[in-house]
Amino acid sequence: MATLHVLSHSPFTDSRLSSCLRLLGSQDALLLCGDAVYALQAGSAQRQALELMPEAIALYALDEDVQARGLVQPARLTLVDYPAFVALSCQYDKVNTWL
Amino acid sequence: MSKSLLIISRQAPWSGPGAREALDIALAGGAFDLPIGLLFLDDGVFQLSGAQQPANLQQKDLGANLQALPMFGVEALYASQRSLEERGLQDQLSSLAVERLDDAGLSALIDRYDQVLTL
Amino acid sequence: MLASLFYACNAHLGGSGFIIPANWLAGFAMKFAIALFSPPYAPSSRRALRFAQAALASGHEIVRLFFYQDGVHSASSNVVCAQDEVDLPREWREFVHAQQLDGVVCIAAALRRGVLNDDEAQRYSRTAANLDAPWELSGLGQLHEAAQLADRLVCFGGP
C-alpha cells in the first residue's frame with residue numbers, strides 16, 4: 001500500500017513535516033501545498049531533509065502555492081495542478097492529509 | 001467487507017476541540033461496527049496521561065471517553081513510542097491498553113489500513 | 001518498472017495478474033468522499049473546492065462532501081466577503097447546487113461553533129439561523145458511510 005501524504009503547514013513552526021518524514025513508507029509520496037511549500041526554501045534544513053529522502057519517495061508540490069511564494073523547486077520535485085492532484089489521489093492507495 | 005480507517009490523533013487533550021472530535025469519529029465508527037484504529041501521535045499522547053484533572057479547566061474528562069473505546073469495539077489503540085519518550089510519558093500513562101510502536105511500526109500500521117484521517 | 005506495474009494492478013484488481021499500465025488506472029472513474037475541516041478564509045477551503053471541481057471535471061464522482069470541525073463555517077450563510085475577494089461560502093453553495101452533490105455538515109461540530117439551521121435555532125431558542133440549503137446537518141455516521149462508499153477519502157484542513 002502506498003500513501004500520498006499531504007501537508008499544508010509551514011515546517012518552521014510546526015512538527016507535522018518532521019513527524020511525517022519519520023513514518024513514510026518506502027513507496028509513499030509527499031505532496032506539499034499551502035504553507036508547507038516553504039519547506040522548499042533554499043538554504044533551509046527543511047529543504048535539505050526533503051532532498052535527503054530516499055529517491056523512491058516521490059515529492060510533489062501544488063504549483064499555485066510554489067509560484068505564489070516565488071520558490072525555486074528542487075530537481076526531484078514535480079509540480080502539480082489540481083487535475084494532477086486528483087490523479088495522484090487515484091494513483092496512490094490512500095491520501096493522508098496532516099490536518 | 002468494510003474498509004478500515006485509522007484515525008491519527010495529534011492534539012493535546014485541551015488544545016481545542018480537536019482531541020475530542022477525533023475521538024468522536026472513532027466512537028461513531030465503532031458504533032457502526034466499522035474496523036477502526038486509533039493512533040496517538042505527537043501531542044496526542046498527552047491524552048493518555050494518567051495524571052489529568054480536567055475539572056480544573058472546567059473541561060470534560062476525555063479519559064472517560066477513551067475508556068469507552070473498547071466498549072464501542074475500538075480496541076486497536078496505538079501510541080508512538082517516540083512521542084511518549086519525547087514527552088517523558090512512558091511511565092505515566094492511564095490504564096487504557098495501547099500498543100506502543102516505533103517509527104517503523106507506525107509506518108507498517110498506516111500501511112495496513114484502507115484509509116487514514118490525521119487530526 | 002514491471003514491479004510497480006504489477007503492484008499497481010494488484011492494488012486495484014486484487015491480484016488478478018492482468019497487467020494494466022498505471023496511467024490507465026488513473027483514468028478509471030473513482031468515487032471520492034471529501035471532508036473539509038477548515039473555515040472559508042483558510043486557503044485549504046478553497047483548495048478543497050478546487051480539488052472537488054477538478055475531480056468532477058476529470059470524470060470522477062463525489063459521493064459526499066462532509067464538513068467537520070471548523071469546516072462547518074465554510075457552509076455558513078452569514079459570512080460577508082469583501083467585493084474584491086473570493087466568496088467561498090457562495091462558491092461552495094453554488095457548486096453543491098449545480099452538481100447536485102450531497103453536502104453534509106456535522107451537527108455536533110456545527111452547534112458547538114454556532115452554525116445552526118432554522119430547526120436547530122428554534123430548538124435551542126437562538127435568535128438567528130445561519131445554515132441553509134443545500135447544506136444538511138447530520139452526524140458522523142454520514143462521514144463513515146461516505147468513507148465506506150468511496151474509493152478515496154480526501155481531507156482538507158489547516159492552512
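Student: In this predicted model, which strands does α4(A) lie across, and at about what angle does α4(A) run to β4(A)?
Tutor: The model is predicted. The helix α4(A) lies across five strands of chain A: β1, β2, β3 (58-62), β4 and β5. Its direction relative to β4(A) is about 115°.

Student: In what order do the strands of the open sheet in chain A stand?
Tutor: Five strands form this sheet, with parallel pairing. The edge strands are β4 (77-80) and β5 of chain A, and each pairs on one side only. From one strand to the next, the twist averages 25°. The order is β4-β3-β2-β1-β5.

Student: In β2(A), which residue is the bridge partner of Leu4(A)?
Tutor: Strand β1 (residues 3-7) of chain A runs parallel to strand β2 (residues 29-32) of chain A, and four bridges join them. In β2(A), Leu4(A) is partnered by Ala29(A).

Student: Which element gives the most to the side of chain A that touches chain C?
Tutor: In this contact, 17 residues of chain A meet 21 residues of chain C. Two elements of chain A give two or more residues to its side: α4 (82-91) and β5 (94-97). With eight residues, the top contributor is α4(A).

Student: How do the residues on that side of chain A divide into nonpolar, polar and charged?
Tutor: This is the side of chain A that touches chain C. Two residues there are charged and six are polar. The nonpolar residues number nine.

Student: Now the contact between chains A and B. Where does the largest share of the side of chain B that touches chain A come from?
Tutor: Chain A brings 13 residues to this contact and chain B brings 12. On chain B, α4 (103-112) and β5 (115-118) each supply at least two residues. The largest share is five residues, and they come from α4(B).

Student: How many charged residues has the side of chain B that touches chain A?
Tutor: By class, five residues on this side are nonpolar and three are polar. The charged residues number four.

Student: Why is one side of β4 and of β5 in chain B left without a neighbour in the sheet?
Tutor: The open sheet of chain B has five strands in the order β4-β3-β2-β1-β5, with parallel pairing. Its twist averages 25° from one strand to the next. One side of β4 (99-101) and one side of β5 lack a neighbour because each strand stands at an edge, with a single partner strand.

Student: Which residue is the bridge partner of Leu5(B) in β5(B)?
Tutor: Strand β1 (residues 5-9) of chain B and β5(B) run parallel, joined by four bridges. In β5(B), Leu5(B) is partnered by Gln115(B).

Student: At about what angle does α4(B) run to β4(B)?
Tutor: Like a cover on the sheet strands, α4(B) lies across β1, β2, β3 (76-80), β4 and β5 of chain B. The angle to β4(B) is about 110°.

Student: And helix α1 of chain B: at about what angle does it run to β1(B)?
Tutor: Helix α1 (residues 18-31) of chain B lies across β1, β2 (36-40) and β5 of chain B. The helix has 14 residues and reaches 20 Å from its first C-alpha to its last, close to the 20 Å expected. After α1(B) comes Asp33(B), whose phi is positive, near 60°. The angle of α1(B) to β1(B) is about 160°.

Student: How many of the 14 residues of α1(B) are buried?
Tutor: Among the buried residues are Ala22(B), Ile25(B) and Ala26(B). Their cover includes β1, β2, α2 (62-68) and β5 of chain B, together with α5 (107-112) and α7 (141-149) of chain C. The helix is largely enclosed by the rest of the structure, because the buried count is 11.

Student: Which residues have the most contacts inside the largest nonpolar core?
Tutor: This core has 108 residues. The element that gives the most to the core is α1(B), with seven residues. Ile7(B) touches Ala22(B), Ile25(B) and Ala26(B), among others. The residues with the most contacts inside the core are Ile7(B) and Val105(C).

Student: What percentage of the residues of chain C count as buried?
Tutor: Chain C has seven helices and five strands. From the N terminus on, its elements run α-α-β-α-β-α-β-α-α-β-α-β. Of its 159 residues, the buried share is 43%.

Terms used. Residues are numbered from 1 along each chain as its sequence is written. Chains are lettered from A and ligands numbered from 1 in the order in which they are written. This is a predicted model: local features need pLDDT of at least 70, side-chain atom pairs count only at pLDDT 80 or more; totals for chains, interfaces and linings use all residues. Two residues are in contact if their C-beta atoms, placed from the backbone, lie within 7 Å. Ala, Val, Leu, Ile, Met, Phe, Trp, Tyr, Cys and Pro count as nonpolar, Asp, Glu, Lys and Arg as charged, and the others, Gly among them, as polar. Two strands pair if DSSP finds at least two bridges between them. Axes are lines fitted to C-alpha atoms, for helices over the stretch in contact, and angles run from 0 to 180 degrees between N-to-C directions. The expected span of a helix is 1.5 Å times one less than its number of residues. A residue is buried if 20 or more other C-beta atoms lie within 10 Å of its own, exposed if 12 or fewer, and partly exposed in between; C-beta atoms are placed from the backbone. A nonpolar core is a set of buried Ala, Val, Leu, Ile, Met, Phe, Trp, Tyr and Cys residues joined through C-beta atoms within 7 Å. Lists of a residue's contacts leave out its neighbours within four places in sequence.
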